[in-house]
Amino acid sequence: MGLLTQLATLPLAPVRGAAWVIERVVEAAENEYYDPRPVERELAALERRLLAGEIDEETFDRREDELLDRLDEIRARGRGNTA
């Protein structure tokens, strides 16, 4: 960018800065949301609760299905699929 372009677009600098910050926040949130490790830990904890008798089979099956669906979504995104 030339000096004149920079001067002409100077009033937009705060908007560009805010947009950059928003992009970084969204990126960080997506990285956290699509991290499979918390889902895998929750699956392991769910199995421990079942084995300890803290939850019944029905509760385990329902929650396990939810977690496995979530894990499938995460893995699909990792492969570049958007389904």
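# Close-up views of a predicted model

**View 1. Arg70 and the residues around it.** Arg70 touches Tyr33, Tyr34 and Val39, leaving aside residues up to four places away in sequence. This is a predicted model. Arg70 has its place in helix H4. Is Arg70 buried or exposed? Arg70 is buried, because its relative accessible area is 15%, and buried means under 20%. Arg70 also lies over the face of Tyr33, at 3.7 Å from the ring centre.

**View 2. Tyr33 and Tyr34 form an aromatic pair.** How many aromatic pairs does the structure hold? The structure holds 1. The two rings, Tyr33 and Tyr34, meet edge-to-face. Their centres are 4.9 Å apart, with 90 degrees between the planes. Tyr33 is partly exposed, at 45% relative accessibility. Tyr34 is partly exposed too, at 24%. Each ring has an arginine over its face: Arg70 over Tyr33, and Arg77 over Tyr34. For Arg77, the distance to the ring centre of Tyr34 is 4.1 Å.

**View 3. Asp35 sits in a loop.** The loop runs between helix H2 (13-33) and H3. Why does Asp35 count as buried? Asp35 has a relative accessible area of 18%, so this residue falls under the 20% limit. The side chain of Asp35 has a partner: a polar contact of 2.9 Å joins it to the side chain of Arg37.

**View 4. The largest nonpolar core holds 9 residues.** Its members are Val39, Leu43, Leu46, Leu50, Ile55, Phe60, Leu67, Leu71 and Ile74. Which elements give two or more residues to this core? They are helix H3 (36-51) and helix H4 (57-78). Leu46 is one of the core residues. Leaving aside residues up to four places away in sequence, Leu46 touches Ile55, Phe60, Arg63, Glu64 and Leu67. Of these contacts, Ile55, Phe60 and Leu67 are also listed in the core.

**View 5. Helix H4 from end to end.** H4 has 22 residues. From its first C-alpha to its last, H4 reaches 31 Å. That is close to the 32 Å expected at 1.5 Å a residue. Which residues of H4 are buried? They are Phe60, Leu67, Arg70, Leu71, Ile74 and Ala76. What covers them includes H2 and H3. A general rule helps in reading such a list. An α-helix has 3.6 residues a turn, so residues three or four places apart point the same way. Look just past the end of H4 as well. There, Gly80 takes a positive phi of about 95 degrees.

**View 6. Arg63 and its contacts.** Arg63 has its place in helix H4. Arg63 is partly exposed, because its relative accessible area is 26%, and partly exposed lies between 20% and 50%. Which residues does Arg63 touch, not counting residues up to four places away in sequence? Arg63 touches Glu42 and Leu46. With Glu42, the side chain of Arg63 makes a polar contact of 2.4 Å. Leu46 belongs to the largest nonpolar core. Ala44 offers another reference point: it is 19 residues from Arg63 along the chain. The C-alpha atoms of Arg63 and Ala44 are separated by 12 Å.

How values were computed
Residues are numbered from 1 along each chain as its sequence is written. This is a predicted model: local features need pLDDT of at least 70, side-chain atom pairs count only at pLDDT 80 or more; totals for chains, interfaces and linings use all residues. Side-chain values use heavy atoms; hydrogens and water are left out. A nonpolar core is a set of buried Ala, Val, Leu, Ile, Met, Phe, Trp, Tyr and Cys residues joined through side-chain atoms within 4.5 Å. Buried means under 20% relative accessible area, exposed over 50%, partly exposed in between (1.4 Å probe, protein chains only). Helices (H or I, at least four residues) and strands (E, at least two) are DSSP runs, numbered from the N terminus. Contact means heavy atoms within 4.5 Å. A polar contact is a pair of N or O atoms within 3.5 Å; within protein, one must be able to donate a hydrogen and the other to accept it, and residues adjacent in sequence count only if both atoms are side-chain atoms. The expected span of a helix is 1.5 Å times one less than its number of residues. Rings of Phe, Tyr and Trp (its six-membered ring) pair if their centres lie within 6.5 Å; planes under 30 degrees apart count as stacked, over 60 as edge-to-face and the rest as tilted. A charge sits over a ring if NZ of Lys or CZ of Arg is within 6 Å of the ring centre and within 35 degrees of the ring normal.
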